[in-house]
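User: I'm new to this structure and would love a close look at one part of it. Could you take me slowly through the open sheet that draws on both chains, and then show me what lies around it?

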Number of protein chains: 2
Amino acid sequence: MDFSKLDGLIPAVIQDADTSEVLMVGFMNEQALADTRRTGYATFFSRSRNRLWMKGETSGNRLQVLDVLVDCDEDTVVLKVKRLGDGNVCHTGERSCFYRRLSEIER
Amino acid sequence: MDFSKLDGLIPAVIQDADTSEVLMVGFMNEQALADTRRTGYATFFSRSRNRLWMKGETSGNRLQVLDVLVDCDEDTVVLKVKRLGDGNVCHTGERSCFYRRLSEIER
């Protein structure tokens with residue numbers, strides 16, 4: 001994998017393995033990707049908190065990783081996941097972070 | 001939209017509107033997103049070439065945008081697209097850039 005393009009980070013697209021819905025996009029550094037594969041649960045690098053975080057570590061809404069795909073340039077991954085806990089991935093309580101159209105947030 | 005987190009760029013996940021397959025991930029600056037919406041075809045900002053590029057501008061394999069979703073933090077978009085041209089999105093000739101498992105690229 002090529003972590004050089006975004007200061008050590010790559011985008012990780014989280015896709016529901018059953019429905020193919022895109023649930024969220026996070027960033028991973030090399031350690032986050034390694035931890036994801038070692039534990040089987042999606043782990044990201046938080047840019048705002050400057051630390052690793054396993055998604056759902058407090059809420060219990062972990063993301064069980066069933067498959068990891070890599071793109072042609074080896075600088076992005078897609079994770080096929082099973083939603084655990086209450087199944088709502090977004091911190092707003094929605095199932096997916098992508099619950100709005102762009103046109104809806106504009107005035 | 002918040003373009004401040006990645007030096008003026010946001011990730012744009014390109015998803016096939018029919019199959020829900022993730023086809024590619026690119027980056028957009030504010031102008032690329034505006035051009036995408038104005039033209040109806042996915043337009044990105046190339047970090048390596050330091051310029052805007054409409055996907056398929058040379059190959060003809062443009063991506064017709066049917067819907068644009070935005071995430072909770074307003075720093076990422078998902079574009080639901082129709083594949084035009086020969087329908088192969090990746091420059092390798094594959095339909096999707098995510099045609100390999102991560103385990104396949106490791107020795």
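Analyst: Happy to! Let's begin with one pair of residues: B:Val13 has B:Val78 of strand E6(B) as its bridge partner. Please keep in mind that this is a predicted model.

That pair belongs to a longer run of contacts between strands. E1(B) and E6(B) are joined by five bridges and pair in the parallel sense. Strands of a sheet pair through backbone hydrogen bonds, either parallel or antiparallel. Both senses turn up here, as E5(B) and E6(B) pair in the antiparallel sense, over seven bridges. B:Val78 appears in this pairing too, with B:Leu69 standing opposite B:Val78. The hairpin of E5(B) and E6(B) has six residues between the strands, and within the hairpin B:Glu74 takes a positive phi near 60 degrees.

Now let's step back to the whole sheet. It is an open sheet of five strands in the order E7(A)-E5(B)-E6(B)-E1(B)-E2(B), and its pairing is mixed. Strand E7 (100–101) of chain A and E2 of chain B stand at the edges with a single partner strand each, so one side of each has no neighbour in the sheet. The strand from chain A joins through E5(B): E7(A) and E5(B) pair in the antiparallel sense over two bridges. Here A:Arg100 stands opposite B:Val70 in E5(B).

For a closer look at one residue of the sheet, try B:Val81, which is in strand E6 of chain B. B:Val81 is buried, with a relative accessible area of 1%. Leaving aside neighbours within four places in sequence, B:Val81 is in contact with B:Ile14, B:Gln15, B:Asp16, B:Ala17, B:Leu23, B:Leu63, B:Gln64, B:Val65 and B:Leu66. To get a sense of distance, compare B:Val81 with B:Ser103: they are 22 residues apart in sequence and 28 Å apart in space, C-alpha to C-alpha.

Next comes the helix that packs against these strands. In helix H1 of chain B, residues 30–39, the buried residues are B:Ala32, B:Leu33, B:Asp35 and B:Thr36. Looking down the axis of H1(B), you would find these buried residues within an arc of 160 degrees, so they line one face of the helix. B:Glu30 and B:Arg38, on the other side of H1(B), are exposed. The buried residues of H1(B) pack against strands E1 (10–16), E2 (22–28), E3 (43–46), E4 (51–54), E5 (63–70) and E6 (77–83) of chain B. Just after H1(B) comes B:Gly40, with a positive phi of about 85 degrees.

Chain A has a helix to set beside it. In helix H1 of chain A, residues 30–39, A:Ala32, A:Leu33, A:Asp35 and A:Thr36 are buried. Down the axis of H1(A), the buried residues fall within an arc of 160 degrees, so they line one face of the helix. A:Glu30 and A:Arg38 are exposed on the other side of H1(A). The buried residues of H1(A) are covered by elements of chain A including strand E2 (22–28), strand E3 (43–46), strand E4 (51–54), E5 and E6. After H1(A) comes A:Gly40, whose phi is positive, near 85 degrees.

One of those covering strands deserves a visit of its own. Seven of the seven residues of E2(A) are buried, so E2(A) is largely enclosed by the rest of the structure. E2(A) runs antiparallel to strand E1 (residues 10–16) of chain A, and six bridges join them. One example is A:Ile14, whose bridge partner in E2(A) is A:Met24. The hairpin of E1(A) and E2(A) has five residues between the strands, and A:Ser20 there takes a positive phi near 70 degrees.

Let's finish at a small group of residues drawn from both chains. A:Asp75 is in the loop between strand E5 (63–70) and strand E6 (77–83) of chain A. With 8% relative accessibility, A:Asp75 counts as buried. Not counting residues up to four places away in sequence, A:Asp75 touches A:Met1, A:Asp2, A:Lys5, A:Ile10, A:Pro11 and B:Arg47.

A:Asp75 also helps to line the largest cavity, together with A:Asp2, A:Lys5, A:Leu6, A:Leu9, A:Ile10, A:Pro11, B:Phe27 and B:Arg47. Its lining has five nonpolar, no polar and four charged residues. The volume of this cavity is about 30 Å³, and a search of the whole structure finds one cavity of 30 Å³ or more.

Terms used:
Residues are numbered from 1 along each chain as its sequence is written. Chains are lettered from A and ligands numbered from 1 in the order in which they are written. This is a predicted model: local features need pLDDT of at least 70, side-chain atom pairs count only at pLDDT 80 or more; totals for chains, interfaces and linings use all residues. Side-chain values use heavy atoms; hydrogens and water are left out. Buried means under 20% relative accessible area, exposed over 50%, partly exposed in between (1.4 Å probe, protein chains only). Helices (H or I, at least four residues) and strands (E, at least two) are DSSP runs, numbered from the N terminus. The arc is that of the directions from the helix axis to the C-beta atoms. Contact means heavy atoms within 4.5 Å. On a 1 Å grid over the protein atoms alone, a cavity is a set of points where a 1.4 Å probe fits but cannot get out, and a pocket is an open set with protein on both sides within 12 Å along at least five of seven lines; lining residues have an atom within 4 Å of a point. Grid points are joined across faces, edges and corners, and a volume is the space filled by probe spheres set on the points. Ala, Val, Leu, Ile, Met, Phe, Trp, Tyr, Cys and Pro count as nonpolar, Asp, Glu, Lys and Arg as charged, and the others, Gly among them, as polar. Two strands pair if DSSP finds at least two bridges between them.
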